[in-house]
Amino acid sequence: METARIYDPNGSLVADSTKLGRRVFLGFLIYIINQHKDGRSWCGEFSIDDLLVRNESTFGITKAASSHASCKAMAKDLKQLAKILEKHFRTAQGQVPGYFIKLFSELKESAGELGQYNSEKTRKFHKYLSSHLALRSAMSRRHLFMDLFRAYQLLGKTAKKDLISLLGSMFPEDKWLHKV
């Protein structure tokens, strides 16, 4: 982790993940997802000592996966990966980079999002995880948000109200929607 000159709404510096950190996290996540797609799982029975980086772009787990990728077993794998990597995605002051708190939470609570290893529900969740905002650079996130804002500006008055209403019903806890 590194502290970048990125500020939160309160004017405090926030942590940002490095390119290498995001690559490592995504590499292990994709490796586990690919094993799940093949019907294999560790049932959460691996440790940091089992994680292997072969070169800059090849990641693996040295412990052999079983051929039983149930919903519960896959959820344990994702939870274990979050548990292992969570310690390493903090600054010395304990700050966690933007969106990683949400990613860790979603990995730990993934049982409800997973179906059978080859189900559509599981494929969609795996796709969501592998393209999570936490695993994108600050610049990529900025481009996404700017593009969404530009699209919002092109909407007519009625469409803007409908969009805000829809987002408000989807995310009632987000107070910023009421300020738009």
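About 11300 Å² of this chain is exposed, and carbon and sulfur atoms supply 55% of that area. Keep in mind as you explore that this is a predicted model. Of the 180 residues in the chain, 34% are buried.

**The overall layout**
- You can find 6 helices and 4 strands in the chain.
- Following the sequence from start to end, the pattern reads β-β-α-β-β-α-α-α-α-α.
- Among contacts with a separation of 6 or more, 62% join residues 24 or more positions apart.

**A look at helix H1**
- Helix H1 runs over residues 19–37, which makes 19 residues.
- From first C-alpha to last, H1 reaches 26 Å, close to the expected 27 Å.
- Buried residues in H1 include Phe 25, Phe 28, Leu 29, Ile 32 and His 36.
- The cover over the buried residues of H1 includes strands E3 (51–55) and E4 (58–61), along with helices H2 (71–86), H3 (100–108) and H4 (120–130).
- After H1 comes Gly 39, with a positive phi near 85°.

**The nonpolar core**
- In soluble globular proteins, nonpolar side chains tend to be buried together.
- Here, the largest nonpolar core has 30 residues, and Phe 25, Leu 29, Phe 46, Leu 78, Phe 100, Leu 103 and Leu 107 have the most contacts inside it.
- H1, E4, H2, H3 and H4 each supply at least two residues of this core, and H2 gives the most, with 7 residues.
- Try tracing Leu 78: beyond its neighbours within four places in sequence, its contacts include Leu 29, Ile 32 and His 36, as well as Leu 107, Phe 125 and Leu 129.

Technical notes
Residues numbered from 1 in each chain as written. Predicted model: local features only at pLDDT ≥ 70, side-chain atom pairs only at ≥ 80, totals over all residues. Heavy atoms only, no water. Expected span 1.5 Å × (residues − 1). Buried < 20%, exposed > 50% of the residue type's maximum accessible area, 1.4 Å probe, protein only. Contact = heavy atoms within 4.5 Å. Areas by Shrake-Rupley, 256 points an atom, 1.4 Å probe, with all protein chains shown as cover. Core = buried A, V, L, I, M, F, W, Y, C linked by side-chain atoms within 4.5 Å.
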